[in-house]
Amino acid sequence: MNVREIKFDAIYKPTGEHFTPISINFNDNSIVGNFDGVQGDWCHFSLDGKYGDVILRQYTGLKDKNGKEIYEGDVVTGVNRIFEGEILQDVNFLNGCFMFGNWNAHEFFNNHQFIEVIGNIYENPELINS
């Protein structure tokens, strides 16, 4: 059985600081963590970055060719001769699985280790808008 770790990355929008949440309340979209120089601070989050001071991103359970963890909202590129330099899409959660474009991310990443994270849609929107 292949067990995936459930964890999150949070981005504090005012400073761009990444932190690991201490607690997440999905009922009122509040999050507690150590950020902005404050231990155990809290604020509101969103999953799409449209409201609140924190963007919450879930870990896919997968890593790129360099061993970097891949989170929802990451932008990946191909690094082999077939997809070299091509932006393959941002990682998103759809119909119960992580996807990029029309690819099931788990199926693709488990079989083909030629993907590299080059940024995310929140801090590098130009990567998918070009």
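# Exercises on a predicted fold

Of the contacts in the protein chain with a separation of 6 or more, 44% join residues 24 or more positions apart. The model is predicted. The exercises below work through the chain, its ring pairs, its cores and its salt bridges.

## Exercise 1: The chain as a whole

Task: state how many helices and strands the protein chain has, and give their order.

Solution.
Step 1. Count the elements. The protein chain has 2 helices and 12 strands.
Step 2. Read them along the sequence. The pattern is β-β-β-β-β-β-β-β-β-β-β-α-β-α.
Step 3. Add the burial. Of the 130 residues in the protein chain, 39% are buried.
Step 4. Add the surface. About 7,500 Å² is exposed, and carbon and sulfur atoms supply 47% of that area.

## Exercise 2: Two ring pairs at phenylalanine 35

Task: classify the pair of tyrosine 12 with phenylalanine 35, then the pair of phenylalanine 19 with phenylalanine 35.

Solution.
Step 1. Choose the descriptors. A pair of aromatic rings is described by the distance of the centres and the angle of the planes.
Step 2. Set the total. The structure has 5 aromatic pairs.
Step 3. Take tyrosine 12 and phenylalanine 35. Their centres are 4.8 Å apart, with 45° between the planes. Planes under 30 degrees apart count as stacked and those over 60 as edge-to-face, so the angle of 45° makes this pair tilted.
Step 4. Place this pair. Tyrosine 12 is in strand β1 (residues 8-12) and phenylalanine 35 in strand β4 (residues 30-35), 23 residues apart.
Step 5. Check burial. The relative accessible area is 10% for tyrosine 12 and 1% for phenylalanine 35. The cut-off for buried is under 20%, so tyrosine 12 is buried and so is phenylalanine 35.
Step 6. Take phenylalanine 19 and phenylalanine 35. The centres are 4.5 Å apart and the planes meet at 20°, so this pair is stacked.
Step 7. Place the second pair. Phenylalanine 19 lies in strand β2 (residues 17-19) and phenylalanine 35 in strand β4, so the pair ties together parts 16 residues apart in sequence. Phenylalanine 19 is buried, as is phenylalanine 35.

Elsewhere, ring pairs join Phe8, Phe26 and Phe45 into a cluster.

## Exercise 3: The nonpolar cores

Task: list the residues of the largest nonpolar core and find which strand supplies the largest share.

Solution.
Step 1. Recall the trend. In soluble globular proteins, nonpolar side chains tend to be buried together.
Step 2. List the members. The largest nonpolar core has 10 residues: Phe8, Ala10, Tyr12, Phe19, Ile31, Phe35, Cys43, Phe45, Val54 and Leu56.
Step 3. Assign them to strands. At least two residues of this core come from each of β1, β4, β5 (38-46) and β6 (54-63). The largest share, 3 residues, is from β1.
Step 4. Look at one member. Neighbours within four places aside, leucine 56 has contacts that include Phe8, Ala10, Ile31 and Phe45.
Step 5. Find the other core. Apart from the largest core lies another of 8 residues, among them Val76, Val91, Phe98 and Ile115.

## Exercise 4: Salt bridges

Task: trace the 3 salt bridges of the structure and identify which residues form a network.

Solution.
Step 1. Start from the principle. Side chains of opposite charge can pair when their charged atoms come close.
Step 2. Take lysine 7 and glutamate 69. Their closest N and O atoms are 2.5 Å apart. Lysine 7 lies in the segment before β1 and glutamate 69 in strand β7 (residues 69-71), so the pair ties together parts 62 residues apart in sequence. Lysine 7 is partly exposed at 23% relative accessibility, and glutamate 69 is partly exposed at 22%.
Step 3. Note a second partner. Lysine 7 also lies over the face of tyrosine 59, 5.1 Å from the ring centre.
Step 4. Take aspartate 9 and arginine 57. Their salt bridge is 3.1 Å, N to O. Aspartate 9 is in strand β1 and arginine 57 in strand β6, so the pair ties together parts 48 residues apart in sequence. Both residues, aspartate 9 and arginine 57, are buried.
Step 5. Take aspartate 74 and arginine 57. This salt bridge is 2.7 Å, N to O. Aspartate 74 is in strand β8 (residues 74-78) and arginine 57 in strand β6, 17 residues apart. Aspartate 74 is buried at 3% relative accessibility, and arginine 57 is buried at 4%.
Step 6. Join the bridges. Shared partners link Asp9, Arg57 and Asp74 into one network.

How values were computed. Residues numbered from 1 in each chain as written. Predicted model: local features only at pLDDT ≥ 70, side-chain atom pairs only at ≥ 80, totals over all residues. Heavy atoms only, no water. Phe/Tyr/Trp six-rings, centres within 6.5 Å; stacked < 30°, edge-to-face > 60°. Helix = DSSP H or I, 4+ residues; strand = E, 2+ residues; numbered from the N terminus. Buried < 20%, exposed > 50% of the residue type's maximum accessible area, 1.4 Å probe, protein only. Lys NZ or Arg CZ within 6 Å of the ring centre and 35° of its normal. Core = buried A, V, L, I, M, F, W, Y, C linked by side-chain atoms within 4.5 Å. Contact = heavy atoms within 4.5 Å. Areas by Shrake-Rupley, 256 points an atom, 1.4 Å probe, with all protein chains shown as cover. Salt bridge = Lys/Arg side-chain N within 4 Å of Asp/Glu carboxyl O.
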